[in-house]
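Work through the exercises below with the sequence and the model side by side. Try each task before reading its solution.

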Amino acid sequence: MRAYTCGLDASADVIGGKWKPRILWALHHGPMRFGELRREITGVTEKMLIQQLRELESRDIVHREVFHQVPPKVEYSLTELGRSLNEALIPLDTWGSDHLTELEASRVR
């Protein structure tokens with residue numbers, strides 16, 4: 001395990017990849033069940049969503065709560081650390097929204 005070189009390095013390690021920021025954003029408004037998350041995050045496979053949720057849970061970003069009932073129920077929510085990370089993503093969302101047209105055009109090239 002290597003040491004982080006700066007805060008951005010640490011942040012990128014936690015949210016790196018395509019799906020983790022989208023999971024965080026989906027959980028922004030409150031707890032969700034697995035199926036709700038899968039429907040909310042277009043294009044993610046079940047296997048990938050499970051893997052990404054486990055990684056976020058292991059980093060104390062996402063909390064997984066199992067309700068012992070029939071049928072079984074599992075909800076995912078943001079921890080305090082996850083909520084603070086999500087707040088850091090708000091400026092990125094704003095930047096992306098402000099430059100959406102330019103970014104889509106440059107992606108096509």
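The exercises go from the whole chain to single residues, and the model they use is predicted.

**Exercise 1. The overall layout**

Task: Give the number of helices and strands, their order and the extent of the chain.

Solution.
- Step 1. Count the elements. The protein chain has 6 helices and 3 strands.
- Step 2. Read them from the N terminus. The order is α-α-β-α-α-β-β-α-α.
- Step 3. Take the extent. The C-alpha trace spans about 50 × 35 × 25 Å along its principal axes.
- Step 4. Check burial. Of the 109 residues in the chain, 28% are buried.
- Step 5. Look at contacts with a separation of 6 or more. Residues 24 or more positions apart account for 45% of them.

**Exercise 2. The two sides of H4**

Task: Find which residues of helix H4 are buried, and explain how they are arranged around the axis.

Solution.
- Step 1. Locate the helix. H4 covers residues 46–58, which is 13 residues. From first C-alpha to last it reaches 18 Å, close to the 18 Å expected at 1.5 Å a residue.
- Step 2. Pick out the buried positions. They are Leu49, Gln52, Leu53 and Leu56.
- Step 3. Look down the axis. The buried residues of H4 fall within an arc of 100°, so they line one face of the helix.
- Step 4. Turn to the other side. Lys47, Arg54 and Ser58 are exposed there.
- Step 5. Name the partners of the buried residues. These residues pack against helices H1 (7–15), H2 (20–26) and H3 (34–40). They also pack against strands E2 (62–67) and E3 (73–78).

**Exercise 3. The nonpolar core**

Task: Identify the residues that touch the most other members of the largest nonpolar core, then follow Leu37 outward.

Solution.
- Step 1. Start with the core. It holds 21 residues, of which Leu27, Leu37, Ile41 and Val62 touch the most other members.
- Step 2. Assign the contributors. H1, H2, H4, E3 and helix H5 (80–98) each give two or more residues to this core.
- Step 3. Trace Leu37, leaving out residues up to four places away in sequence. Leu37 touches Ala26, Leu27, Met32, Leu49, Leu53 and Tyr76.
- Step 4. Link back to H4. Leu49 and Leu53 are among its buried residues.

**Exercise 4. The largest pocket**

Task: State the volume of the largest pocket, and say which element supplies the largest share of its lining.

Solution.
- Step 1. Take the volume. The largest pocket holds about 370 Å³ of space.
- Step 2. List the lining. The residues are Lys18, Pro21, Arg22, Trp25, Ala26, Glu40, Ile41, Leu89, Leu92 and Asp93.
- Step 3. Sort by element. H2 and H5 each supply at least two lining residues.
- Step 4. Settle the share. H2 gives the largest, with 4 residues.
- Step 5. Compare with the core. Ile41 lines this pocket, and Ile41 is also one of the core residues that touch the most other members.

**Exercise 5. Two positions in H5**

Task: Decide whether Asn86 and Arg83 are buried or partly exposed.

Solution.
- Step 1. Place them. Arg83 is in helix H5, and so is Asn86.
- Step 2. Apply the cut-off. Buried means under 20% relative accessible area.
- Step 3. Judge Asn86. Its relative accessibility is 0%, so Asn86 is buried.
- Step 4. Judge Arg83. Its relative accessible area is 41%, so Arg83 is partly exposed.
- Step 5. Find the contacts of Asn86 beyond four places in sequence. They are Leu24, Trp25, His28 and Leu78.
- Step 6. Add C-alpha distances. Asn86 and Pro21 are 65 residues apart in sequence and 8.1 Å apart in space. Arg83 and Leu24 are 59 residues apart in sequence and 8.3 Å apart in space.

**Exercise 6. Backbone details and a strand residue**

Task: Describe the backbone at Asp60 and Pro71, then the surroundings of Ser77.

Solution.
- Step 1. Go to the loop between H4 and E2, where Asp60 is found. Asp60 is not a glycine, yet its phi is positive, about 65°.
- Step 2. Check its exposure. Asp60 is partly exposed, at 46% relative accessible area.
- Step 3. Move to the loop between E2 and E3, which holds Pro71. A cis peptide bond joins Val70 and Pro71, with omega about -5°.
- Step 4. Continue to Ser77 in strand E3. Its relative accessible area is 18%, so Ser77 is buried.
- Step 5. List its contacts, leaving aside neighbours within four places. Ser77 is in contact with Leu27, Pro31, Ile61, Val62 and His63.

Terms used: Residues numbered from 1 in each chain as written. Predicted model: local features only at pLDDT ≥ 70, side-chain atom pairs only at ≥ 80, totals over all residues. Heavy atoms only, no water. Expected span 1.5 Å × (residues − 1). Buried < 20%, exposed > 50% of the residue type's maximum accessible area, 1.4 Å probe, protein only. Arc of directions from axis to C-beta. Contact = heavy atoms within 4.5 Å. Core = buried A, V, L, I, M, F, W, Y, C linked by side-chain atoms within 4.5 Å. 1 Å grid on protein atoms, 1.4 Å probe; cavity = no way out; pocket = protein on both sides within 12 Å on 5 of 7 lines; lining within 4 Å. Points joined across faces, edges and corners; volume = space filled by probe spheres on them.
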